[in-house]
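These are my notebook entries on what I looked up in the structure. I took the topics one at a time.

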Amino acid sequence: MNTTTEGMELVYEKPDTLTETPMHYCPGCGHGVAHKVLMEVIEEMGITQDTVGVAPVGCSVFAYMYMNVDMQEAAHGRASAAATGVKRVLPEKYVFSYQGDGDLAAIGTAETIHTVNRGENILMVFINNGIYGMTGGQMAPTSLEGMKTSTSPYGRECSTMGSPLKMTELIAHLPGAYYVTRQSVHTAAAVRKLKKALKFSFEAQKQKKGTCFVEIVSNCPSGWKMTPLEANDWMEKNMFPYFPPGDIKVPNELK
Amino acid sequence: MSTLQREETPKLMKGNEALAEAAIRADMQAYFGYPITPQSEVLEYLTEEVPKRKPNTVVLQAESEVASINMVYGAGGAGARVMTSSSSPGFSLMQEGVSYLAASEIPCLLVNVQRGGPGLGTIQPAQGDYFQAVKGGGHGDYHIIVLAPNSVQEMADFVFEGWRLAEEYRMPALILADGAVGQMMEKVYLPKDGSLPHQTAAWATTGKPKGRDRNFITSLHMEPDKMEQVNLHLQDKYRKLRKEERYELFNVKDADVILVAFGLTARICNKAQQLAAEKGLRVGVVRPITLYPFPYDIIASLAGPNRVFLTVEMNAGQMVEDVRLAVNGKSPVYFRGRMGGMIPNPEDILLEIEALAEKHNLVNQTVR
Ligand SMILES: Cc1ncc(C[n+]2csc(CCOP(=O)(O)OP(=O)(O)O)c2C)c(N)n1
């Protein structure tokens, strides 16, 4: 085929903030889109040279292979503690953590709450896919009631396994939380909203307003044992009623 | 250690405070810690002094030791000169983080002012964390530099020495003290402020300027051959570190009985040695200062016939295993220990020395 871009309008380009490394995520997984949107925002804001990210342990453990910014890979659950360490010694830099639900809302619960409670001037991106993707589909703190996973094969029973944890609502109560929102990446419209939320978060960070916390309700086609389309559909029908997208704590400037 | 510039007039200070003061003078950029006896004075001293004198230095009380050590990871990875301190149970809690720090080659200074264990144990001094400190402590094949102070002076000096070594070898350094050295007051000639300059390393995650590749700090290597390469690199570094072995020798040349002890117990052994000398017994003392790298060679060179070794520790017998490895059967090696916060006294050690001299027929040679 004879390809030429002559006379064509460039409508999309991979941002320089993403590396050339092909992502390992399963088809339809939300992680890849979330990475891309986050990196686009950093490039568009022109803050690459001033940004340090912290990756979790979870499916996005290799985020530093894809995100073309300075990165650290923290221990499971400790990304916000590591991000605190980075931010405290580099207070003029933009610092973000990127964590799954097991990482942020189970093993890292203490770090999450105290990071927000101190009002660390960082952005915490929280990918809630209701399951432990990396380790093969075990129950997560955010798995829905009745949800079958490899460690709740008869479905999550809240009376013995606890209820799905609304970490985002929980931390929104803390005075250190400046902006708390719940977004998604399953449609173009959702992506546009997420982009706005991330941009606002970085701007707030520059002004040292406190912690910005962006939950992204996402999917896990492999862990949920669904096709990508089924997974997105299931997410809208089942995850959204319990984890409704939208702003949870909004500073006055955004109102 | 010899290059350290110190004040000319001494101060009377607690070990923990001297350590904290030295950290301020060593241009520490960040400290993260959680209270635990008998080391809480470190955090208390820093929260009092740092805001007055070095307002740009970070001092943060974390929510746990787990958080502290991971904050150390973040700050150290961002190139800062960083430290945390704790005591035994808290240091146990940090071990996953220490393994990550060692694997990611992040220099940092760690302090364990040991107390008696196991479990919650006691707040009295002990040396029960020797194995944890020198053999790994966390998961995987790694080591950290371990310095064992036996005085308030060394609590201060080893802050400088620890950071210097940590930064030179790109690895964590640990000051393995005990509750007695941390709590006792002694004369100390403090190191001079600013005598250990610090530069942010090129590998640090400080934000990627145009034209340089991104920096990343990680300990994840999924391919086994790559992971083995990383391990080989670490092992090579540990071999090079052996040239930093440090120890003190007292009267070992003609000694019939050689005491081996670190930290506080080494001082008690010095006293026992004096008592023994008064009785005409020839006793020497070897005091390992770096517990990792352990001074195997010097101990090996002292081993031989007509000589016995007695290792004295405040634990059930931990360093004695390394002494046995060094001696390698060339002399008998004995152990005397107290546990749970009990401190051996010189008179008891003397009794042990006398019994050994008798048993090995060393008495006739010595009491001439
Ligand atoms: C201390 C520790 N405990 C357990 C694990 C194993 N582990 C790795 S990832 C993970 C859960 C990941 O789930 P989540 O955070 O929800 O992220 P996802 O993979 O779904 O994106 C677990 C339990 C580990 N690496 N370290």
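**Entry 1: cis peptide bonds in chain B.** I began with B:Pro293, which sits in the loop between strand 13 (290–292) and helix 11 (296–302) of chain B. The model is a predicted one. The peptide bond joining B:Tyr292 to B:Pro293 is cis, and I read omega as about 0 degrees. I then turned to B:Pro38, in the loop between strand 2 (30–33) and helix 2 (40–53) of chain B. There, a cis peptide bond links B:Thr37 and B:Pro38, with omega about 5 degrees.

**Entry 2: B:Gln39.** I looked up B:Gln39, which lies in the loop between strand 2 and helix 2 of chain B. Is B:Gln39 buried or exposed? Its relative accessible area is 0%, so I recorded B:Gln39 as buried, the limit being under 20%. A polar atom of the B:Gln39 side chain is 3.4 Å from the backbone oxygen of B:Tyr34. Leaving out residues up to four places away in sequence, I listed what B:Gln39 touches: B:Asn16, B:Tyr31, B:Tyr34, B:Ser85, B:Ser86, B:Ser87 and B:Val113.

**Entry 3: positive phi in chain B.** I noted B:Asp27, which is not a glycine yet has a positive phi of about 60 degrees. B:Asp27 is located in the loop between helix 1 (15–25) and strand 2 of chain B. Its relative accessibility is 26%, so I entered B:Asp27 as partly exposed. B:Asn361, also not a glycine, has a positive phi of about 60 degrees. I found B:Asn361 in the loop between helix 13 (346–359) and helix 14 (363–366) of chain B. B:Asn361 is exposed because its relative accessible area, 54%, is over 50%.

**Entry 4: helix 1 of chain A.** I checked the length of helix 1 (residues 30–45) of chain A. At 1.5 Å a residue, its 16 residues should span 22 Å; the end C-alpha atoms are 23 Å apart, so I accepted the agreement. Which residues of helix 1 of chain A are buried? I listed A:Gly30, A:His31, A:Gly32, A:Ala34, A:His35, A:Val37, A:Leu38, A:Met39, A:Glu40, A:Val41 and A:Ile42. Their cover includes strand 1 (51–55), helix 2 (63–66), strand 3 (94–100), strand 4 (123–128), helix 8 (188–206) and strand 8 (211–217) of chain A. After helix 1 of chain A comes A:Gly46, with a positive phi near 65 degrees.

**Entry 5: the contact between chain A and chain B.** I recorded 35 residues from chain A and 32 residues from chain B in the contact. The area buried between the chains is about 2,600 Å², and carbon and sulfur atoms give 60% of this. A:Tyr64, A:Asp70 and A:Gln72 supply 22% of what chain A buries against chain B, more than any other three residues.

I next looked up the polar side of the contact. Between chain A and chain B I counted 2 salt bridges and 15 residue pairs in polar contact, both residues at pLDDT 80 or more. One of the salt bridges joins the side chains of B:Glu63 and A:Arg118, at 2.9 Å from N to O.

Which elements of chain A supply the side that touches chain B? I noted that strand 1, helix 2, strand 2 (70–73), helix 3 (79–89) and helix 5 (109–117) of chain A each give at least two residues. Helix 3 of chain A provides the largest share, 7 residues. By type, I entered the residues on this side of chain A as 17 nonpolar, 10 polar and 8 charged.

Key. Residues numbered from 1 in each chain as written. Chains lettered and ligands numbered in written order. Predicted model: local features only at pLDDT ≥ 70, side-chain atom pairs only at ≥ 80, totals over all residues. Heavy atoms only, no water. Helix = DSSP H or I, 4+ residues; strand = E, 2+ residues; numbered from the N terminus. Expected span 1.5 Å × (residues − 1). Buried < 20%, exposed > 50% of the residue type's maximum accessible area, 1.4 Å probe, protein only. Contact = heavy atoms within 4.5 Å. Buried area = accessible area lost by both parts, 1.4 Å probe. Salt bridge = Lys/Arg side-chain N within 4 Å of Asp/Glu carboxyl O. Polar contact = N/O pair within 3.5 Å; in protein donor to acceptor, adjacent residues only side chain to side chain. Nonpolar A, V, L, I, M, F, W, Y, C, P; charged D, E, K, R; others polar.
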